[in-house]
Amino acid sequence: MSYLFESFAGWQSYCQEKDLNLYESVIEYEVTQRGKTEESIWNNLDKAYTVMKEAVETGLKEEMTSRSGMINNGAKKVYNHPVSVLSPEFQRLISRALAAKEVNSCMGRVVAAPTAGASGILPGTLYTLQEIHNLSDKKILEGLLVGAGIALIIEQKASLAGAVGGCQAETGSAAAMAAGAMVYCLGGTVSQIFNAVAITIQCMLGLICDPVAGLVEIPCVVRNASAAAIANSSAQIALADVSAVIPVDECIDAMGEIGANMETKYKETALGGLAATITGQEISKRVLIQDIEILPDEDLPE
Amino acid sequence: MGTKSSVFDMIGPVMIGPSSSHTAGVVRIARACIKILGGIPDEAVITFYNSFARTYEGHGSDLAILGGLLDYKTDDANIKKSFELAKEKGLKYTFKSIGNASVYHPNTIKLNLTKGDKKTEVVGESLGGGIINIAEVDGFHANFSAQSHTLIIKAQDISGAIAFISSVIAQEKANIATMSVSRKGKNDMACHVIEMDSGIEPLTIQYLRSLTWVKELIYIPDIDL
Ligand code: SF4
């Protein structure tokens, strides 16, 4: 039997008992639950990471304007700006997260990790981490497996979908996956990895899903950048053993509880928050199709 | 409890943006349709219903449906260029929007396709996360996901047909996941929809096709293949 990813405490003790690395238990799960071979798992991970890196590069190179016009080559502008607010590395981190997510908004190829709306966060953080620390691809793939284990638990205890749990469930979960993966890649202990997840969730709690005109563009794209930044700050805090105090499983429970009580208008329906602002509604009028036929009753399909 | 999520639901799928219900699901509906039609259509009339009626353009579902009709898969970067590619390949298309078909699922698309003298009408639903349901085929209730291997058999409504078809499939050791029959009163026709866990041999398909009471047989292997 493999571990079924029901809680972080359970995952930790399972790996301790069996003397397994976190990523090894994720492979074991995929082999026993989904009947995959280890080789095909590594191949698929490699493919996913390749698509992630391509998305970053495409977003920084090619024309990125969405059909609504709301997304318009932002990542390139950030990447090339002469002033670095913090450091050139930070500037690259932010522009890469934006780039991969812009590719998603502009109908390019991405990896939904865990969802399409959050598809810039793991590419932005891992690409940059690999570059700064000179990590091997194998290490990054192991980190992706750790991230997948984190997402499996969040899916069971709370949710990964904006329509169910708000944006905390999408960009929040992706940031938690990224933070855990980063601490893993830098040699952190299991406790430090889970602490990074806990801190990230604490930072992302309560975030609503309020996409303007219902499109996965505003605020989704900038939230991929901020989530990437939060993942980095959490990793930095966790590596120094500064405790989240509230254990990671309880942080996820809180996320589930908040998601369950969040009003429907803040769950991808585009009825609240930024979507409901004056400008949000104007944009919605412009981009949504207005000349819709309304059938007389007798012509409706039965 | 159902199947456990895969690592590649967490790190994946690889897909064309922006959203799994507006792109991946829509591409899949179109891919199921060309299997039903038997090839890429010359002409397509595409009607988006309800929520899709308003949002299809902003989310690029128009590109996704044409991409699928041109036989591109859910992760093919060509989908973005579907308007030009449709022109190149001689696929004529018209889009319509209907806002109030409340009997349909919020994200419903109807496709009326023509290829030579063959015509078909399919109603598909994008259920979220890229999962689809083909609700109707040529006016018959169908309800299949096109994720497994699907057989659609239009036949005269004779007694014993269901038992006969299932025994033929059983001989192939193909496991039937779901089977349904729908009838369209007037001409005594029945439409059998059978979803199987694995594929069946061309010879079996030929045999079923050769039966006098079978009018049409459509075989749809896994649409992502
Ligand atoms: S605002 Fe909603 S649609 Fe946008 S990234 Fe967040 S959860 Fe996804």
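B:E195 is found in strand β10 of chain B, where helices (H or I, at least four residues) and strands (E, at least two) are DSSP runs, numbered from the N terminus. The model is a predicted one, in which local features need pLDDT of at least 70 and side-chain atom pairs count only at pLDDT 80 or more, while totals for chains, interfaces and linings use all residues. Residues are numbered from 1 along each chain as its sequence is written, and chains are lettered from A and ligands numbered from 1 in the order in which they are written.

Because B:E195 has 20 C-beta neighbours inside 10 Å, this residue counts as buried; a residue is buried if 20 or more other C-beta atoms, placed from the backbone, lie within 10 Å of its own, exposed if 12 or fewer, and partly exposed in between. Leaving aside residues up to four places away in sequence, B:E195 touches B:F144, B:S148, B:T150, B:A177 and B:T178, contact being defined as C-beta atoms, placed from the backbone, that lie within 7 Å.

The strand that holds B:E195 belongs to an open sheet of chain B with the order β9-β10-β8-β11 and antiparallel pairing, and two strands pair if DSSP finds at least two bridges between them. β9 (176-184) and β11 (214-220) of chain B stand at the edges, each with a single partner strand, so one side of each is left without a neighbour in the sheet. Between β9(B) and β10 (residues 189-196) of chain B there are eight bridges in the antiparallel sense, and within this pair B:T178 stands opposite B:E195.

The two chains also meet, in a contact that takes 36 residues from chain B and 45 residues from chain A. On the side of chain B that touches chain A, the elements that give two or more residues are α1 (7-10), β1 (14-16), α3 (50-55) and β3 (92-98) of chain B. One of these, β1(B), is joined by three bridges to strand β1 (residues 109-111) of chain A, and the two run antiparallel, with A:R109 opposite B:I16.

Finally, there is the ligand, around which 14 residues stand, with A:G117, A:G162, A:C167, A:C209 and A:C220 coming nearest; a residue is near a molecule if its C-beta atom, placed from the backbone, lies within 6 Å of it. Two elements of chain A, α9 (167-185) and α11 (220-239), give two or more residues to this shell, and the largest share, three residues, comes from α9(A).
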